Structure formats: C-alpha cells, structure tokens
Amino acid sequence: MTYAAVTGWGKCLPPAVLTNADLATFLETDDEWIVSRTGIRERRISHVRLEDLAFVAASRALAAAGLDPQAVELIVFGTCSFDDQVPNQASGLQLRLGAKRAAAMDVNTACTSFLYALSTANAMIRSGVVRNAVVLGGELISSLMDWDNRGVAVLFGDGCAAVVLEASPREEGVLAEKLGCDAEARSTLVIQGMGGRYADFSRRYGATDWTFEGPEIFKRAVLGMSGACAEVLAARGMSPQDVDLVIPHQANLRIIEAVSKRCGLSQERVFVNVHRYGNMSAATVPVALVEALEEGRVQPHATLLLPAFGAGLTWCAHLLRWGERVVPRGTSSVQLPPCELTGLQLVEAHRRRRNQSEPSVA
Ligand code: UT7
C-alpha cells in the first residue's frame, strides 16, 4: 500500500501588519468588538502578488523536504483569490520554481481549498499517478476586500503556506477525510465582481461587493466542521482523546471553541493563531500547521485533526498521521522583497482605488 507522507512545510506571511486600531481609523469599529466577537487582534496585508507569497512558501517547503524543484511531479494550489484566473495560479508557480516536470492545477473551494487540494494530491499519489506533490493554501484578499464594509473588513488577512507530500510505504499522511458542501447556503457568502458573469467589464474587478451573512455562516460552520470531525474519527475507530493536536480553519475563535466543545476535544489540544492573522481563507490551516511545527506542538507520529469550512458552504475534516521528522531538512534563502509601506498605507491605497473604481493591481 502507498501512502502520501508530509515531508516538507513552509509559510510566507507578508510583513505589513494591520491592527484593530488601524481599522478603527476609517471604520466604525473598535478593538474590543473585534477581539470579543472574533479573537482577531491583527492581520497581514500583502505588498506583492499571491504568486510571490507562494514562491517563498513553496521554496521553503521544498527545502524542508530536501526535494529538488525539478523532481516535483504535481502542484495543487488551493485558493479563491488568483492573480489571474487564466492562466492558473499553479502554472505561475511552476515557472518560478523551475519545476518543469510538474502538472499544475488550482482548486477553489474558498477557505477549505488547501484541504480539498490535499485530498486531490493525496489521491493522485496513492493511486500512483504521481510520486510527490507541492500543495498550497494561499490567499490575497486585501485587494478584493470592501474596506468600507465593517462586517467583513475586520475579519480577513493575506498569507500563504505549502506542504510537500511524497509517496511512502509507511502509514503516514491522510488517514481519513470527509468532504462536503452545504450548497443550500451558498448565497450566505458571495463576492460579486469576480467571475464570468461580470465579463462585460461594465464592472471593474476592483469594485467587489460582499454578501456576508455572518451569524448564519457561523451556525452552519460549527455543524459542518463538528459533523466532519465525528465522521473521520469514526472511520478510523478513534475517539477525540486519540487526537494529539487539532489544527482548525482560523475564521473566528468562537467558532473554534464551539467545534471543540461539540466534538469533546480539549481546548489545550487545539492550535490557535487567529489573533495574529485573522481569516486567511485557504492559508489558515497550512500556516497554522507550519507554526505548530515551529512551536514544537507536533511530536513524531502525532495524530492531527484538520477541520475547515468556507464559501459554498464547503466543509471538511482530515485526520493526519505525522511521520518521524518534525524538523526541516534544510532552509531556503528565498525572501520577499522588502515592504516600505505600513499595513494601513497599503489598505488606504486599496480604498482609494476602489473609490475611484480603478482596477486593482496588487
Ligand atoms: O471562513 C468563512 C468566512 N466566514 C466567517 O468566518 C463568518 C462566520 N461568522 C462570524 O465569524 C460572526 O458571525 C461575525 C464575527 C462575522 C459576526 O459576529 P456576530 O456575533 O455574529 O455579530 P452580528 O453579525 O450578529 O452583529 C452584532 C452587532 C450588529 O449590530 P446590532 O445590529 O446588534 O446593532 C452589527 O452591526 O455588531 C455590529 N457589527 C460591528 N460592530 C463593530 C458588525 N460588525 C462590526 C464591527 N465593529 N466590525
């Protein structure tokens, strides 16, 4: 039997920080509301394109695995905020990495995109189509954000992370997965302005409008994620006590706490970094995984549980077994170009572009 072990991991967070106090300079909001309702204290705003974040994250993950980019056979890029829809995001990364032999595809299920991408790559490795893959979750939401809508502007941030999967005879990597979609609620989260129905160009890409029914998404997210967790544990005959660390989608601390409670998972075994980055959509789970490794929270042979939800409303949970190695084999010298602007200055530039109805260029 072939499995798909996780052998490399790397993240890339843009350096510019946008605090809750920064948001309160142009929105009717405050730190107390944002922290008490979401747990978020700050988020990152990118000064470069998603491809640049991905290049750094993937280079770090490949160095951690000790895998030459020329040996990569598959890139699966989980995102809903592509730099371009055609050509796809993964092909741009293939070119930057020099991974000439790699097939390259994008997967878009919004915030669950990394985990759906993980399932895709896992299946292709286990069925023998490829022997390895780079799987990414990355998002650049700041250029698509309606910065004058306080109901969404305080929630999201930019970031990217990648893992390397390699075929292994040992039972490592994805042990069980459950994926689904609550499509009856797909109208609860819609970003108007992205997609073919706007191709008459009467609307510019910079002027995206968000439909966002927060409380309804909240309820369905808790149900979807906790149901998926119960199913993957049952599939392996495991109980919540068998899980060493839960690394959930980081949209809202209250959602994470509600899911843990419903599933009987103790809060000490749940990794949380939503206070640092907000909701980075597809990037939340892989960035949290990388940080859990960096902080020594993942032990050799650990059992990890990764639940998530996103627009669609897609939901899923993955049960993962870690391997022996919890430290990178090597490091990469690839870096982002320096950023001269503050998070607030970057956001002000986005707001000016939106208000002038100019296309976004980030
Ligand atoms: O990953 C997929 C993405 N989706 C999500 O993550 C959404 C999940 N939902 C949530 O995280 C929560 O529903 C929110 C954080 C979005 C909202 O929290 P809530 O406790 O459900 O608040 P609410 O929407 O019921 O709003 C409560 C009040 C309202 O005022 P009134 O009507 O009670 O006077 C809002 O207008 O809070 C007001 N409000 C704000 N106040 C200050 C909404 N946004 C803000 C804000 N600052 N930024």
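A residue counts as buried when its relative accessible area is under 20%. Ala110 sits at 9%, so it falls on the buried side of that cut-off. The model in which this is seen is a predicted one. Ala110 belongs to the loop between S5 and helix H5 (113-126), and its backbone does something a little unusual to look out for: phi is positive, about 60°, although the residue is not a glycine.

Ser281 tells a similar story. Its phi, near 50°, is another positive value in a residue other than glycine. This serine is in the loop between helix H9 (274-277) and helix H10 (284-294), and it counts as buried because its relative accessibility is just 2%. A positive phi also turns up right after H4, where Gly98 has a value near 70°.

Two cis peptide bonds come next. One runs from Val86 to Pro87, with omega near 0°, and Pro87 is part of the loop between S4 and H4. The other joins Gly312 and Leu313, with omega at about -15°. Leu313 has its place in the loop between S12 and strand S13 (314-321).

What does helix H4 pack against? Running from residue 89 to 97, H4 has Gln89, Ala90, Gly92, Leu93, Gln94 and Leu97 buried. Those buried residues pack against helix H3 (50-65) and three strands: S4 (74-78), S5 (103-107) and S6 (132-139).

Ser168 is another buried spot, with a relative accessible area of 5% against a cut-off of 20%. Ser168 is found in strand S7, which covers residues 159-168. A polar atom of its side chain lies 3.0 Å from the backbone nitrogen of Arg170. Leaving aside residues up to four places away in sequence, Ser168 touches Met1, Thr2, Tyr3 and Ala5.

Glu28 goes the other way. With 67% relative accessibility, this residue counts as exposed, because the value is over 50%. Its home is the loop between helix H1 (20-23) and helix H2 (31-38). Glu28 and Ala63 are 35 residues apart in sequence, and their C-alpha atoms are 44 Å apart in space.

On to the empty space. Rolling a probe the size of a water molecule over the atoms shows where such space is left. The second largest pocket holds about 410 Å³. It is lined by 23 residues, and those closest to its centre are Leu155, Phe212, Gly214, Phe218 and Asn252. By type, the lining divides into 14 nonpolar, seven polar and two charged residues. H2, helix H7 (214-235), helix H8 (253-263) and strand S12 (303-310) each supply at least two residues of this lining. H7 gives the largest share, with four residues.

Finally, there is the ligand. Which residues come nearest to it? Among the 22 residues around the ligand, these are Thr29, Arg37, His249, Asn252 and Asn279. Asn252 places a polar side-chain atom 2.7 Å from an oxygen atom of the ligand. Two arginines also have side-chain N or O atoms facing ligand oxygen across short listed distances: for Arg150 the distance is 3.0 Å, and for Arg254 it is 3.2 Å. Asn252 thus links two parts of the account, being listed among the residues closest to the centre of the second largest pocket and among those nearest to the ligand.

Definitions and conventions
Residues are numbered from 1 along each chain as its sequence is written. This is a predicted model: local features need pLDDT of at least 70, side-chain atom pairs count only at pLDDT 80 or more; totals for chains, interfaces and linings use all residues. Side-chain values use heavy atoms; hydrogens and water are left out. Buried means under 20% relative accessible area, exposed over 50%, partly exposed in between (1.4 Å probe, protein chains only). Contact means heavy atoms within 4.5 Å. On a 1 Å grid over the protein atoms alone, a cavity is a set of points where a 1.4 Å probe fits but cannot get out, and a pocket is an open set with protein on both sides within 12 Å along at least five of seven lines; lining residues have an atom within 4 Å of a point. Grid points are joined across faces, edges and corners, and a volume is the space filled by probe spheres set on the points. Ala, Val, Leu, Ile, Met, Phe, Trp, Tyr, Cys and Pro count as nonpolar, Asp, Glu, Lys and Arg as charged, and the others, Gly among them, as polar. A residue is near a molecule or strand if one of its heavy atoms lies within 4 Å of it. A polar contact is a pair of N or O atoms within 3.5 Å; within protein, one must be able to donate a hydrogen and the other to accept it, and residues adjacent in sequence count only if both atoms are side-chain atoms.
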